[in-house]
Amino acid sequence: MFKFDNGWDALLAPEYDKPYYQALRGFLKGEYLHSGHRIFPPMEDLFSAFRMTGYENVKAVILGQDPYHEVGQAHGMCFSVRKGVQIPPSLQNIYKELSRDLGFVPPPHGDLTEWAQQGVLLLNSVLTVREGMAGSHRGKGWEKFTDRAISLLNEKEEPIVFFLWGNYARAKKELITNPRHLVLETVHPSPLSASRGFLGCGHFSKCNAFLGDRAIDWTISP
């Protein structure tokens, strides 16, 4: 069993004995070890989002759909890629909006670890994918697991900002019922839709205005 060594361990432990999670574990074992397909992210990076951002430290949540599905991209946090990997188009648009909104200077890489360390949970709804097959692990149980995580965050007393970009993420709004939290919605930052509302949304400055003295420094080191 994976250990996060933070508050997520106790909160998510009840999920591991549920039938859906047992079925998911069996499916993943078959996919990683016996399917003949490469599965992303690598198994050791599967729960990076939870490991990097403990429950007690979450200030904001960026919700993605499923991991990047090309070699070398996914490392367990939505929209993020390791240094040395070409910055994906959606993340390029996120950087563009940050630059317009806050004067952000884009780094030459797409590693968002510094955001995660500050309390930005970079959570995909589905945590694994087959190489070259977007959406190939949807409906296998991950959604129940990550929906539970969102519901647990909804219960927090301390206010959180939820970034819901695109229709898939926006459908999770029904899980966020606590009025103390802020929900920011717009279209997905992909090249197909970014110009229809993402670019110009001002979500990052709105987030920081809401968080006040808990504001996030969106700067990323080169």
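## Pockets, a cavity and salt bridges

The largest pocket here has a volume of about 710 Å³. Keep in mind that this is a predicted model. The lining of that pocket takes in 36 residues, and Gln-65, Asp-66, Phe-79, Ser-90 and His-188 are the ones nearest its centre. Sorted by type, the lining comes out as 17 nonpolar, 14 polar and five charged residues. Among the elements that each give at least two residues to this lining are β2 (60-64), α4 (89-102) and α7 (167-170). The largest share belongs to α7, with four residues.

Next comes the second largest pocket, which holds about 260 Å³ of space. Its lining has 13 residues, with Phe-2, Arg-25, Leu-28, Met-43 and Leu-46 lying nearest the centre. Helix α2 (residues 19-34) gives the largest share of that lining, seven residues. The make-up is eleven nonpolar and two charged residues, with no polar ones.

Two of the residues nearest the centre of this second pocket, Phe-2 and Met-43, turn up again on the surface: together with Leu-33 they form a nonpolar patch with about 270 Å² of accessible area. Met-43 sits in the loop between β1 (39-40) and α3 (48-52). With a relative accessible area of 37%, Met-43 is partly exposed.

What about enclosed space? Searching the whole structure turns up one cavity of 30 Å³ or more, and the volume of the largest cavity is about 30 Å³. Its walls are made by Leu-63, Gly-64, Ser-125, Ile-150, Tyr-168, Ala-169 and Lys-172. That lining splits into four nonpolar, two polar and one charged residue. Both β2 and α7 supply at least two residues each to the cavity lining, and these two elements also each give at least two to the lining of the largest pocket.

Now for the charges. Side chains of opposite charge can pair when their charged atoms come close. The whole structure has 14 salt bridges, and here are some that join parts of the chain far apart in sequence:

| Salt bridge | N to O distance | Residues apart in sequence |
|---|---|---|
| Arg-148 and Glu-15 | 3.9 Å | 133 residues |
| Arg-130 and Glu-31 | 2.7 Å | 99 residues |
| Arg-214 and Glu-158 | 3.4 Å | 56 residues |

Take the pair of Arg-148 and Glu-15, whose side chains meet in a salt bridge. Arg-148 is in helix α6 (residues 142-154), while Glu-15 is in the loop between α1 (8-12) and α2. Glu-15 counts as buried because its relative accessibility is 4%, whereas Arg-148 is partly exposed at 29%. Both also belong to a network of salt bridges that links Glu-15, Lys-18, Arg-148 and Glu-155.

In the bridge between Arg-130 and Glu-31, the closest N and O atoms are 2.7 Å apart. Arg-130 lies in strand β4 (residues 129-130) and Glu-31 in helix α2, so this pair ties together parts 99 residues apart in sequence. Glu-31 has 5% relative accessibility, so it counts as buried.

Arg-214 and Glu-158 meet through their side chains at 3.4 Å, N to O. Arg-214 is in the segment after α8 (203-211) and Glu-158 in the loop between α6 and β5 (161-165), so parts 56 residues apart in sequence are tied together. Which partner is buried and which partly exposed? Arg-214, at 17% relative accessibility, counts as buried, whereas Glu-158, at 37%, counts as partly exposed.

Methods
Residues are numbered from 1 along each chain as its sequence is written. This is a predicted model: local features need pLDDT of at least 70, side-chain atom pairs count only at pLDDT 80 or more; totals for chains, interfaces and linings use all residues. Side-chain values use heavy atoms; hydrogens and water are left out. On a 1 Å grid over the protein atoms alone, a cavity is a set of points where a 1.4 Å probe fits but cannot get out, and a pocket is an open set with protein on both sides within 12 Å along at least five of seven lines; lining residues have an atom within 4 Å of a point. Grid points are joined across faces, edges and corners, and a volume is the space filled by probe spheres set on the points. Ala, Val, Leu, Ile, Met, Phe, Trp, Tyr, Cys and Pro count as nonpolar, Asp, Glu, Lys and Arg as charged, and the others, Gly among them, as polar. Patches are made of residues with over 30% relative accessible area and no salt bridge: like charges are joined within 9 Å, nonpolar side chains (Val, Leu, Ile, Met, Phe, Trp, Tyr) within 5 Å. Accessible areas come from the Shrake-Rupley method with a 1.4 Å probe; for residues, only the protein chains shown count as cover. A salt bridge is a side-chain nitrogen of Lys or Arg within 4 Å of a carboxyl oxygen of Asp or Glu. Buried means under 20% relative accessible area, exposed over 50%, partly exposed in between (1.4 Å probe, protein chains only).
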